[in-house]
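Here is a set of questions and answers for a reader at the bench. Please keep the sequence and the model in view while working through them.

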Amino acid sequence: FVLASAVLATPVLAEPMTGKAAKKLLFAPVKAEVEILPEAGLPQDMADALAMVGEGQPYYGAVAIAPEEGLMSEATVAAANFHDTAAAGVAALAECNAKKTTAKDCVLAAYIRPKGWEEAGFSLSSDATAAFKDYDMKTGALAVSVSTGAFGMAAGEGAAQAALGNCAAKNEKATDCALVIAN
């Protein structure tokens with residue numbers, strides 16, 4: 001239930017946008033910034049350490065912790081390189097809850113986003129954004145899996161189907177690949 005509701009909260013485009021429109025909304029695939037979430041209740045030194053480590057992760061990401069086990073637990077999970085923080089949060093919480101040894105559910109401790117991030121209504125993972133530099137603005141297509149962060153690109157005749165296939169081939173759990181950019 002949690003996975004379904006979070007994935008549904010992620011904007012899925014009814015119609016793919018053009019490469020030109022997507023390019024205007026993407027951030028440079030460079031340094032990330034970290035938002036520490038107060039609900040994790042981390043002391044300042046732990047929050048600072050998490051921010052420092054998180055800045056080295058590819059965006060979009062989330063970090064989940066088991067509150068009764070603390071930040072330095074085996075249950076602490078960073079899910080990175082997703083297409084938005086909501087999907088990364090779902091993945092981090094699921095893995096953290098599977099690993100924790102205490103009763104209390106895991107909580108999100110941080111979000112990892114591109115430096116200077118502002119909500120734009122469309123986003124791609126750091127790797128997909130970096131790959132976009134090779135996107136064919138005339139005949140290209142790009143598909144993404146919100147639940148896994150996988151993506152696939154293709155160009156030429158049949159690009160849409162090829163991009164969907166390339167996306168699914170990147171991760172066996174990428175059963176939700178959808179076309180988000182097409183020319």
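The questions below concern a predicted model, and they go from strands to cores to charged side chains.

Q: How many of the eight residues of strand β4 are buried?
A: Strand β4 spans residues 107-114 and is mostly covered. A residue counts as buried when its relative accessible area is under 20%. Of the eight residues of strand β4, the number that are buried is seven.

Q: Which residue of β4 is the bridge partner of I36?
A: Strand β1, residues 32-36, runs antiparallel to β4, and five bridges join the two. I36 therefore belongs to the stretch that makes up β1, and its bridge partner in β4 is A110.

Q: Which residue of β4 stands opposite A64?
A: Strand β2, residues 61-65, is joined to β4 by five bridges, and these two strands run antiparallel. Opposite A64, the residue found in β4 is L108.

Q: Which element gives the most residues to the largest nonpolar core?
A: This core has 16 residues, and A62, A92, C96 and L108 touch the most other members. The elements giving two or more residues to the core are β2, β3 (77-79), α4 (85-99) and β4. With four residues, the element that gives the most is α4.

Q: Which residues of strand β3 is A62 in contact with, leaving aside neighbours within four places in sequence?
A: Among the contacts of A62 are T85, A88, G89 and A92, and also L108, A110, Y111 and I112. Strand β3 covers residues 77-79. The contacts of A62 that fall in this range are V77, A78 and A79.

Q: How many residues make up the other core, which lies apart from the largest one?
A: The largest nonpolar core has 16 residues. Apart from it lies another core, whose members include F132, F151, V180 and I181. The number of residues in this other core is 14.

Q: Is Y111 buried or exposed?
A: Y111 is found in strand β4, and its C-alpha atom is separated by 5.7 Å from that of V34, although the two residues are 77 residues apart along the chain. Not counting residues up to four places away in sequence, Y111 touches E33, V34, E35, L37, G61, A62 and T85. Its relative accessible area is 19%, and the limit for this class is under 20%, so Y111 counts as buried.

Q: What is the N to O distance in the salt bridge between E35 and R113?
A: E35 lies in strand β1 and R113 in strand β4, so the pair ties together parts that are 78 residues apart in sequence. E35 counts as partly exposed at 35% relative accessibility, whereas R113 counts as buried at 12%. The side chains meet in a salt bridge with an N to O distance of 2.5 Å.

Q: Which residue forms a salt bridge with E55?
A: E55 lies in the loop between α3 (44-54) and β2, and its partner, 24 residues apart, is in the loop between α2 (19-25) and β1. E55 is partly exposed, with a relative accessible area of 32%, and the partner is partly exposed as well, at 47%. The closest N and O atoms are 4.0 Å apart, and the partner is K31.

Q: In which helix do K99 and E95 both lie?
A: The side chains of K99 and E95 meet in a salt bridge at 3.2 Å, N to O. K99 counts as partly exposed at 40% relative accessibility, and E95 does so at 39%. The two are four residues apart, about one turn of the helix, and that helix is α4.

Q: Which side chain of opposite charge is nearest to K100, and how far away is it?
A: K100 sits in the loop between α4 and β4, and K100 is buried yet has no salt bridge. Its side chain reaches the backbone oxygen of T102 at 2.9 Å, while the backbone oxygen of A103 lies 3.4 Å from a polar atom of that side chain. Because a salt bridge requires the nitrogen and oxygen to be within 4 Å, the nearest side chain of opposite charge does not qualify, being 4.3 Å away, and it belongs to D105.

Notes
Residues are numbered from 1 along each chain as its sequence is written. This is a predicted model: local features need pLDDT of at least 70, side-chain atom pairs count only at pLDDT 80 or more; totals for chains, interfaces and linings use all residues. Side-chain values use heavy atoms; hydrogens and water are left out. Buried means under 20% relative accessible area, exposed over 50%, partly exposed in between (1.4 Å probe, protein chains only). Two strands pair if DSSP finds at least two bridges between them. A nonpolar core is a set of buried Ala, Val, Leu, Ile, Met, Phe, Trp, Tyr and Cys residues joined through side-chain atoms within 4.5 Å. Contact means heavy atoms within 4.5 Å. Lys and Arg count as positive and Asp and Glu as negative; His and the chain ends are not counted. A polar contact is a pair of N or O atoms within 3.5 Å; within protein, one must be able to donate a hydrogen and the other to accept it, and residues adjacent in sequence count only if both atoms are side-chain atoms.
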